[in-house]
Amino acid sequence: MAKEKVSRRNFIIAVSGAAGVLAVGGIGYYLSRMPAVIDRSTKTTTFPPVATSARTALSYSSFDPRLPSNFSTPLRLPAPSEGFFGILESPSEVTINVKPSSFEILPGIPTETWIYEVPQDGKSVINPILRLKRGEKFRATLANGIRQKTIIHWHGLIVDWKNDGHPSYAIDQGQDYDYDFTVYNRGGTYWYHPHPYPAAEQVYKGLAGFFIVEDADDENLRRGLDLELGKTDIPLAIQDKRFRQDGALEYNPNQNENFMGFLGDLVLANLTPNPYLEVDTRIYRFRILNGSTARIYKLAFMKNGERLPSYLIGVDAGLLESPSKLKEVFLAPAERVDILLDMRGLSPQDTVFLKSLEFDSMHMEETMMGMTQMEGGSELEEGEDFHILKLIVKNKVTQDVQIPDKLSTLDPISVSGAPERSITLSSSMGSMGTMTMGQQMNRWLINGYSFDMYSSPIDISRDRVEVWKITNSQQSMPHPMHIHGYHFRVLERLSSPQQVKNLAVDKSGRLPTDLGLKDTVLLWPGETVRAAIDFRTRFAGEQMYTFHCHNLEHEDNGMMINYKVT
Ligand code: C2O
Ligand code: CU
Ligand code: CU
């Protein structure tokens, strides 16, 4: 489908069925959102006016990530042990307060957010980077100080379901929840975020942090390339958000956005809008997390329109066996990529951009629904070309090292004789359906199910391997499917769209990211992924985990199921 130049997800007019009638949500959306006024001819935008309190008039054009000249805010980096993203080394016991806070995301303008705050030696660490070694024990007490139920989920960590943050364990304001587990995972870049049902708003309003595990392979790499977390090993959480003119975050998905995903206007890295980072001529490691609720990125490091050599070294659950040279990589919500960027060939004053390149966002559900779009809503279309982070080369240094050929080993999973389980992703709307006034909301379903907190449509016997054959229907959109408690080994991709096939590295149609251990796998419309899951478990008793779409608007609207390991 040809990329449209207009914003996709705003007014929707049903052109078949009830012709000319504004779809449900369209008008309400307009009134509640009061979209920014866009003048396409001059590319200037004024944010909606806000009653009296606006201190500074925000203008979208000064934040527009399509314009490289806008990148002038220093990237927020993890501080050793204090403030935002403070690094906590091998914390054995922490208290994590969830609470409202005010934070300068946009320069000079406080924004109401929710934060994870860990008091530490009389100081306060916000959304800490928890760094533990494999095998260490971790204990945490979550204290809920917000007027919603919440619970922390340790995304990608292998823990029993009571420690996993299943939504049924969500606690009310004023209550505590205790976690106590051993870090069994491979070294890797994991993260933590709220997992009540619904959860998206809490992530959106600021609740998310990194959980970094180090093992012997990671330590070797760190030593060999002389990497230091926060200096040359950069955790980067990418999130798109909408702001009002007074700096308030806006999260109010309408019915269409609940179905398609809520897109922001600004793209933040570590809660910094339009960031830059000063670098030296050496190798850097970037641990990139897509912490957005719905937006997919196609990442590449670019210098004057040329791709800079970069190497994929790790994915969701740790290092690949060997580095894979990378041109570009799709990163869907919740996925992580670990990339080495070699800047030894650059000179002081050179600039490099981490960009999201143009791609087809493949919202095929629109054809199914017989819809066309009009302007309004998010300023930044999914699949548009824009910038995320500017790197400015400062100093010439010499680094005489080699990127190792061998990074780690992955235990092979034997799938001979393993049963195959079919999982289908579809919507509640029939293929001939059209959206009309008063119709029930459309939902995305997994094997025909919408989430029910206490029932589990899938029972799995422990200690065996299964092959999951996950199929996304043709008239669908991309769904990043995430499994709790275990990891996927992708075996093959079938019927992938051309833009995905173009990046395949083997006959099985796999992508470089499929060569590692995954907890989240992106399925494009019409695509099938076959993945092996080893359901061996070290936890006694029945475990109930969730399997869901990590487009958080989808997850919040039922695209999630429980599964039990018995
Ligand atoms: Cu990151 Cu069930 O989620
Ligand atoms: Cu998870
Ligand atoms: Cu989805």
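This passage describes the copper sites, salt bridges, cavities and one sheet of a predicted model. Local features are reported where pLDDT is at least 70 and side-chain atom pairs at pLDDT 80 or more, whereas totals for chains, interfaces and linings use all residues. Residues are numbered from 1 along each chain as its sequence is written, chains are lettered from A and ligands numbered from 1 in the order in which they are written, and side-chain values use heavy atoms, with hydrogens and water left out.

The copper ion (ligand 3) has three protein donors, namely His479 through ND1, Cys549 through SG and His554 through ND1, which lie 2.0 to 2.1 Å from the metal. Donors are here N, O and S atoms within 2.8 Å of the metal (3.2 Å for Na, K and Ca), and sites may look incomplete because water is not among the atoms. Along the sequence, the donor residues of this ion follow the spacing H-x69-C-x4-H. His479 belongs to strand S34 (residues 479-483) and Cys549 to strand S38 (residues 543-549), so this pair ties together parts that are 70 residues apart in sequence. Strands (E, at least two residues) and helices (H or I, at least four) are DSSP runs, numbered from the N terminus. Both His479 and Cys549 are buried, a term that stands for under 20% relative accessible area, with exposed meaning over 50% and partly exposed in between (1.4 Å probe, protein chains only).

The copper ion (ligand 2) is coordinated by NE2 of His153 and NE2 of His482, at 1.8 to 1.9 Å. Distant parts of the chain are linked by this pair, since His153 is in strand S12 (residues 152-155) and His482 in strand S34, 329 residues apart. His153 and His482 are both buried.

With a salt bridge defined as a side-chain nitrogen of Lys or Arg within 4 Å of a carboxyl oxygen of Asp or Glu, the count comes to 39 salt bridges. In one of them, the side chains of Asp226 and Arg282 meet at 3.6 Å, N to O. Asp226 lies in the loop between helix H4 (216-224) and strand S16 (233-241), and Arg282 in the loop between strand S19 (275-280) and strand S20 (283-290), so the contact ties together parts that are 56 residues apart in sequence. Asp226 is exposed, at a relative accessible area of 52%, whereas Arg282 counts as buried at 10%. A salt bridge also joins the side chains of Glu228 and Lys231 (3.7 Å, N to O); Glu228 is partly exposed at 45%, and Lys231 is exposed at 54%.

Arg493 and Glu527 form a further salt bridge, in which the closest N and O atoms are 3.1 Å apart. This pair links distant parts of the chain, with Arg493 in strand S35 (residues 489-494) and Glu527 in the loop between strand S36 (520-523) and strand S37 (528-534), 34 residues apart. Arg493 is buried, with a relative accessible area of 7%, and Glu527 is buried at 0%. Salt bridges that share partners also join Asp218, Asp233, Arg285, Arg287 and Asp338 into one network.

Cavities were sought on a 1 Å grid over the protein atoms alone, a cavity being a set of points where a 1.4 Å probe fits but cannot get out, and lining residues having an atom within 4 Å of a point. Grid points are joined across faces, edges and corners, and a volume is the space filled by probe spheres set on the points. The count comes to nine cavities of 30 Å³ or more, and the largest has a volume of about 140 Å³. Its lining has 16 residues, of which Val329, Phe330, Arg493, Leu511 and Thr513 lie nearest the centre of the cavity. Strand S25 (329-331) and S36 are the elements that give two or more residues to this lining, and S36 provides the largest share, three residues.

The second largest cavity has a volume of about 90 Å³. Of the 15 residues that line this second cavity, Phe85, Asn127, Ala208, Ala237 and Gln239 are the closest to its centre.

Six strands form an open sheet with mixed pairing, in the order S5-S9-S8-S7-S11-S13, where two strands pair if DSSP finds at least two bridges between them. Strand S5 (83-84) and strand S13 (176-182) are the edge strands, each pairing on one side only. Within the sheet, strand S8 (residues 109-120) and strand S9 (residues 123-126) pair in the antiparallel sense over four bridges, and Gln120 stands opposite Lys123 in S9.

Note on methods
On a 1 Å grid over the protein atoms alone, a cavity is a set of points where a 1.4 Å probe fits but cannot get out, and a pocket is an open set with protein on both sides within 12 Å along at least five of seven lines; lining residues have an atom within 4 Å of a point.
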